[in-house]
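Here's a quick walk through one model, with an eye on its side-chain contacts and backbone quirks. Have the structure open as you read.

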Amino acid sequence: LEKDYDAIFAKASAGKILTFSTDFQCVESSKCVMGVTGENIIKIEISRAATAASGVEFSQALKLMIGEVN
């Protein structure tokens, strides 16, 4: 979906909709707010830049349990 990252993020952020993916490249490029995987261990990361740009907010408790990029 890399070619569609910009369009997906633009539509989702306009509606303040949380975007998440199993493609962590989308999170690292700040086009998805959250990345989730369950391979061997559960890994959850959020993009600080995408979170701010989309207007999505997370509780402090959740932020303590997940990783943040950029």
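## A buried glutamate and its partner

Glutamate 45 counts as buried, since its relative accessibility is 15% and the cut-off for that label is under 20%. Keep in mind that this is a predicted model. Even so placed, glutamate 45 has a salt-bridge partner in lysine 43, with the closest N and O atoms 3.9 Å apart. Lysine 43 itself is partly exposed, at 35% relative accessibility.

## Other salt bridges

The structure holds four salt bridges, and the glutamate 45 to lysine 43 pair is one of them. Another joins the side chains of aspartate 4 and lysine 3, at 3.2 Å from N to O. Here aspartate 4 is partly exposed at 28% relative accessibility, while lysine 3 is exposed at 75%.

Then there's the salt bridge between the side chains of lysine 31 and aspartate 6, at 2.9 Å from N to O. Lysine 31 sits in the loop between H2 and E2 and aspartate 6 in helix H1, so this pair ties together parts that are 25 residues apart in sequence. As for exposure, lysine 31 is partly exposed, with a relative accessible area of 25%, and aspartate 6 is exposed, at 51%.

## The disulfide

How many disulfides does a search of the whole structure find? Just one turns up, and it links cysteine 26 and cysteine 32, whose sulfur atoms are 1.9 Å apart. The torsion about that S-S bond is about 75°, so the disulfide between cysteine 26 and cysteine 32 is right-handed.

Are the two cysteines buried or exposed? Cysteine 26 is buried, with a relative accessible area of 3%, and cysteine 32 also counts as buried, at 7% relative accessibility.

## Two positive phi angles

Most residues other than glycine have a negative phi. Lysine 16 isn't a glycine, yet its phi is positive, at about 55°. You'll find lysine 16 in the loop between helix H1 (5-14) and strand E1 (20-21), and it counts as exposed, at 60% relative accessibility.

Serine 30 is another non-glycine with a positive phi, this one about 65°. Serine 30 belongs to the loop between helix H2 (24-28) and strand E2 (34-37), the loop between H2 and E2 that also holds lysine 31. At 16% relative accessibility, serine 30 counts as buried, whereas lysine 16 is exposed.

Note on methods: Residues numbered from 1 in each chain as written. Predicted model: local features only at pLDDT ≥ 70, side-chain atom pairs only at ≥ 80, totals over all residues. Heavy atoms only, no water. Disulfide = S-S within 2.5 Å. Buried < 20%, exposed > 50% of the residue type's maximum accessible area, 1.4 Å probe, protein only. Helix = DSSP H or I, 4+ residues; strand = E, 2+ residues; numbered from the N terminus.
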